[in-house]
Amino acid sequence: MLNRRRFLAWSAAAAPLALQSRSLLNDTQLDVHLAQEALEQGDWSRVRALFPLDKNTVFLNNGTMGVSPYPVLEASIDSLKKSATKAHYPGHDGQLESLLAETIGANKDEIAITKNVSEGINHIAWGIALKKGDEIILSSHEHVGGCAAWLHRARLDGLSIKVIDLKPTADQTLEAIESAISSRTRVIALPHIPCTIGQVLPVKDICDLARSRGIVSVLDGAHPLGMIPFNLHEIGCDYYAGCLHKWALGPLGTGYLYIRKERLAQTRCTHVAAYSLDAFNMNAQPPALGELVDSAARFSYGSFSGALMDGAIAALEFYRSMGPERIAQRSLSLAADLQEKLMNSDISLEMLTPTETRSRAAQISFRLPNKKSLAFVQAARKQNIILRHVGENDIDCVRVSTHYYNNENDTQALLVALRDFANDPQG
Ligand SMILES: Cc1ncc(COP(=O)(O)O)c(C=O)c1O
């Protein structure tokens, strides 16, 4: 709940730094309560006022980076000011881990703070005991941050990588994974929601399947937090690497790693420093290292940015106060509506995101036959419509993310731009 008053005394000297000269704190406290009231009545238009996002920008690329609302910026700026004015060292008090654990259905001691998803995936890929010939299952829809650590380890340690394709339905995808499993499969590492076509994978079924075969399950969770509610204990994965800088709308450079309690002892911790150990002594003979702390926090080491931590905490508080279920309903219904309009329009396109409700969330991807997806994304950007071109793994499509700060005018602007592009012989 946004119950921590953040006093930001804007001095005359600091005033020019204020974002678009808005008086941040007091207005925001008020606005948050008004927005909550508006949401009770299903009125989303008032929520947008909590975002400093340029009014003329149609931002439909939250999948790359979330735009933070005022309370998140305030918390980060406040934190920086506290360090600068009071010489406050932003210690690591575990508040973010607690909030994360509560939000994603984990225990606090199963959470490590990282700077991004890629870091979490690296900890996992290098932490699991594997030997030459062991096999890892990945998908053909990976982001480089989801697969590079595995491919690198495979190259250095002689592991074998098997790649599965995603299918239009959850059941078919599960079948594809099951038939890819061999006696050498040690790890199934897949995105919960891939960056490419926004398909929601049947993660609980996948993790149940993995466990029943004695295979370690790893999920790349770059997208779900802030988009859809989920519970890691119910999903039953062994590892989950996520971030707060996409759909949770936290500051860029904030991530987390979940390690199921039973897996901690079996996960080699390759990077250690302050906060990951209980002691060290360079005067002992030989120099002595204490024990690793008995939690996933051993993977978070050294100094952290207070501005990022406090911004991430504010982002989670904001998310929780706006209502995760309500946010998901809004973002998903904007996406579903857009998908329907795209499929029913006279624009010739290939819809890549599944239409199955269970497999679809708040990202829609499509291709334009005979046209270059990248050219459309570039043309849209000239009109201030920000989309993502997906070039990974030769998928070559346009990805549209719809978060709750978007509205029907944004998706309508996209449809108009798309029609113009499709009809433009030069396009
Ligand atoms: C599915 C997926 N995995 C991993 C990443 C990498 O995330 P990060 O930049 O936080 O390391 C992304 C980034 O877009 C992603 O979409």
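Four bridges join strand E12 to strand E15, and the two strands run antiparallel. Within this pairing, Ser-365 has Arg-399 of E15 as its bridge partner. The model described here is predicted. On its other pairing, E12 (residues 363–367) is joined to E11 by two bridges, again antiparallel. Here Glu-350 is bridged to Arg-367 of E12.

These pairings belong to an open sheet of four strands. The order is E11-E12-E15-E14, and the pairing is antiparallel. The edges are taken by E11 (350–351) and E14 (388–390). Each edge strand has a single partner, so one side of each is left without a neighbour in the sheet. Burial was examined for strand E12. Four of the five residues of E12 are buried, so the strand is largely enclosed by the rest of the structure.

The loop leading into E15 has an unusual backbone feature to report. Asp-396 sits between E14 and strand E15 (397–401). Its phi is near 50°, a positive value in a residue other than glycine. Asp-396 has 14 other C-beta atoms within 10 Å and is therefore partly exposed.

Asn-61 also makes contacts with this part of the chain. Asn-61 is placed in the loop between strand E1 (58–59) and helix H2 (70–86). Neighbours within four places in sequence aside, its contacts are Ile-386, Leu-387, Arg-388 and Ser-401. Arg-388 falls within the range of E14 (388–390), and Ser-401 within that of E15 (397–401). Asn-61 has 21 other C-beta atoms within 10 Å; the cut-off for burial is 20 or more, so Asn-61 is buried. Val-47 lies 14 residues from Asn-61 along the chain, and 18 Å separates their C-alpha atoms.

Two further loops carry backbone features. The first concerns Tyr-275, in the loop between strand E8 (255–259) and E9. Tyr-275 is not a glycine, yet its phi is positive, at about 80°. With 19 C-beta neighbours inside 10 Å, Tyr-275 falls short of the 20 needed for burial and so counts as partly exposed. The second concerns Pro-286, in the loop between strand E9 (280–281) and strand E10 (288–289). The peptide bond from Gln-285 to Pro-286 is cis. Its omega is near -5°.

At the level of the whole protein, the secondary structure comprises 12 helices and 15 strands. The radius of gyration is 23 Å. The globule rule gives 22 Å for 427 residues, a close value, so the protein is as compact as a globular protein of that length. The C-alpha trace spans about 75 × 65 × 40 Å along the principal axes. Of the 427 residues, 45% are buried. Contacts were also sorted by sequence separation. Among those between residues at least 6 apart in sequence, 70% join residues at least 24 apart.

The largest nonpolar core contains 109 residues. Ile-188, Ala-189, Cys-237, Tyr-258 and Ala-315 have the most contacts inside it. Helix H9 (residues 306–322) gives the most to this core, with 11 residues. The surroundings of Tyr-258 were listed in detail. Tyr-258 lies within the range of strand E8 (255–259). Leaving out residues up to four places away in sequence, Tyr-258 touches Ala-106, Glu-110, Ile-111, Leu-232, Tyr-239 and Tyr-240.

The ligand is surrounded by 15 residues. The closest are Asn-116, Ser-118, Gly-145, Cys-195 and Ala-222. Two helices, H4 (117–127) and H5 (144–157), each supply at least two residues of this shell. Ser-118 falls within the range given for H4, and Gly-145 within that given for H5. By class, the shell has six nonpolar, eight polar and one charged residues.

Note on methods: Residues numbered from 1 in each chain as written. Predicted model: local features only at pLDDT ≥ 70, side-chain atom pairs only at ≥ 80, totals over all residues. Rg over C-alpha atoms; globule rule 2.2 N^0.38 Å. Buried ≥ 20, exposed ≤ 12 C-beta atoms within 10 Å, placed from the backbone. Contact = placed C-beta atoms within 7 Å. Core = buried A, V, L, I, M, F, W, Y, C linked by C-beta atoms within 7 Å. Near = placed C-beta within 6 Å. Nonpolar A, V, L, I, M, F, W, Y, C, P; charged D, E, K, R; others polar. Pairing = 2+ DSSP bridges.
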